[in-house]
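I opened this notebook to record what I looked up in the structure, entry by entry. The entries follow the order of my queries.

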Amino acid sequence: MQFKFGSNTRQTLDTGVYCRQLNPELCNNVFYETLFSHTKTIPPMVFDSHCHLDFPAFDKDRDELLAQCYRQGITHICLPATEQPHWSRLINMLGAHKSGVTLYGALGLHPFFLHSHKDSYLEELDQLLSNKPESVVAVGETGLDLFIENPDLPRQEELFAAQIIIAAHHNLPLILHVRKAHDQTASLLRKLRFQEGGIVHAWSGSEQQAKAFLDLGFKLGIGGSLTYERAKRLRRQVTDLPLNAFVLETDAPDIPPAGLEKGERNTPLTSVSVLNIMSELRQEPVHTLAPALMKNTHQVLNITT
Ligand SMILES: [Zn+2]
């Protein structure tokens, strides 16, 4: 391919039955059921659709943390890439982890690290995706960020457009990072007639922008921001929009939810708090929300197993 551009939500129900009731299609995880067989208490299964588990912040205790995630019901995590030098390390981390958690990934060039991306990385990305492991499920994270200093929008658009074309070429969804650029992002996706959908991570747009992305086949990633009472607009959207608009995420180690000190490491464990807040806002029980969100994430990332 040529480029022109350079908690407390535990449910007590019969073991196994609960798990199957939750999600008959997706929950065939015998290990998961066995783990809770002695307690008759199975937490809802959660997919953290955006976590930078490959970052050095997790080097010391990644395995222990994943074991803890699994015990608390976080059974699936997706790791989006940020920069080319870390792609191979990320790929090596994916698949079935010994804790029971399944790790998926996305490959791409994050707009925040604009100045470290080279044009040659785009061709490398295209080549890698031609021969990718099954656990690489999307292109990302990519997008537009007008919040950074010296945003150089034309260069950001070049890199983003190239990644949209690559994703389309491989029939892969996109994991988008968008700050203060929702309209420009949606317009570029429309211009390039992108059909594969994806996730707009750390959703922060307006109602109208939400509608534009939903029409383009995207889901909105809801994470730690929802835990702040001042997030009025986001809380209103989470209450009013249909449930199939959303997926859960943490962006760990970043975006700490309410309750964590500023600068304290966020982890995938906080996706359970986000789920609880969503349940309060929507007045829907966690045991109906969790499987629906799990299904949304599987659908949008085309995960069938
Ligand atoms: Zn991220």
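**Entry: cis peptide bonds.** I located Glu141 in strand 7. The model is a predicted one, and in it the peptide bond between Gly140 and Glu141 is cis, with omega at about 5°. I then looked up Gly140 in the strand pairing and found that its bridge partner in strand 8 is Ile175. A second cis peptide bond joins Ala252 and Pro253, where omega is about 10°. Pro253 belongs to the loop between strand 11 (246-248) and helix 10. I noted these bonds because most peptide bonds are trans.

**Entry: positive phi.** I next checked backbone phi, since most residues other than glycine have a negative value. Asn150 is not a glycine, yet its phi is positive at about 45°. I placed Asn150 in the loop between strand 7 and helix 6 (153-169). Is Asn150 buried or exposed? Asn150 counts as exposed, because it has 7 C-beta neighbours inside 10 Å and the cut-off for exposed is 12 or fewer.

Asn171, also not a glycine, has a positive phi of about 50°. Asn171 sits in the loop between helix 6 and strand 8. Asn171 is exposed as well, with 10 other C-beta atoms within 10 Å.

I recorded one glycine too: Gly100 takes a positive phi near 110° in the hairpin of strand 5 and strand 6, which has five residues between the strands.

**Entry: strand 6 and its partners.** I asked which strands pair with strand 6. Strand 4 (residues 74-80) runs parallel to strand 6 and is joined to it by five bridges. Within that pairing, Leu79 stands opposite Gly105 of strand 6. Strand 5 (residues 95-96) runs antiparallel to strand 6, with two bridges between them. Here Gly95 has Leu103 in strand 6 as its bridge partner. Strand 7 is parallel to strand 6, and three bridges join the two. For Leu107, I found the bridge partner Val139 in strand 7. I also checked burial: five of the six residues of strand 6 (residues 102-107) are buried, so this strand is largely enclosed by the rest of the structure.

**Entry: strand 8.** Moving along from strand 7 (residues 136-145), I found that it pairs with strand 8 in the parallel sense over six bridges. Five of the six residues of strand 8 (residues 174-179) are buried, so strand 8 is largely enclosed by the rest of the structure. For reference, I noted that 44% of the 305 residues of the protein chain count as buried. The chain has eleven helices and eleven strands.

**Entry: helix 9 against helix 10.** I queried the packing of helix 9 (residues 232-240) on helix 10 (residues 271-282): the angle is about 70° and the axes are 8 Å apart. Helix 9 is therefore roughly perpendicular to helix 10. Their crossing is right-handed. On the helix 9 side I listed Arg235, Val238 and Thr239, which meet Met278, Leu281 and Arg282 of helix 10. By class, this contact has three nonpolar, one polar and two charged residues.

**Entry: helix 10 against helix 11.** The axes of helix 10 and helix 11 (residues 286-300) come within 10 Å and cross at roughly 120°. The two helices are therefore oblique to each other. I recorded the crossing of helix 10 past helix 11 as right-handed. Leu275, Asn276, Met278 and Ser279 of helix 10 meet Val286, Leu289 and Ala290 of helix 11. By class, the contact has five nonpolar, two polar and no charged residues. Met278 also appears in the contact with helix 9.

**Entry: helix 11 and the segment after it.** I looked up Gln299, which is in helix 11. Gln299 is partly exposed, with 15 other C-beta atoms within 10 Å. The C-alpha atoms of Gln299 and Gly198 are separated by 9.5 Å, although the residues are 101 residues apart along the chain.

Ile303 is in the segment after helix 11. Ile303 is partly exposed, with 18 other C-beta atoms within 10 Å. Which residues does Ile303 touch, not counting those up to four places away in sequence? Ile303 touches Tyr104, Val137 and His298. Ile303 and Ser135 are 168 residues apart in sequence and 8.9 Å apart in space, C-alpha to C-alpha.

Key: Residues are numbered from 1 along each chain as its sequence is written. This is a predicted model: local features need pLDDT of at least 70, side-chain atom pairs count only at pLDDT 80 or more; totals for chains, interfaces and linings use all residues. Axes are lines fitted to C-alpha atoms, for helices over the stretch in contact, and angles run from 0 to 180 degrees between N-to-C directions. Helices (H or I, at least four residues) and strands (E, at least two) are DSSP runs, numbered from the N terminus. Angles under 35 degrees count as roughly parallel, over 145 as roughly antiparallel, 65 to 115 as roughly perpendicular and the rest as oblique. A crossing is left-handed if the near helix is turned anticlockwise from the far one by less than a right angle, and right-handed if clockwise. Two residues are in contact if their C-beta atoms, placed from the backbone, lie within 7 Å. Ala, Val, Leu, Ile, Met, Phe, Trp, Tyr, Cys and Pro count as nonpolar, Asp, Glu, Lys and Arg as charged, and the others, Gly among them, as polar. A residue is buried if 20 or more other C-beta atoms lie within 10 Å of its own, exposed if 12 or fewer, and partly exposed in between; C-beta atoms are placed from the backbone. Two strands pair if DSSP finds at least two bridges between them.
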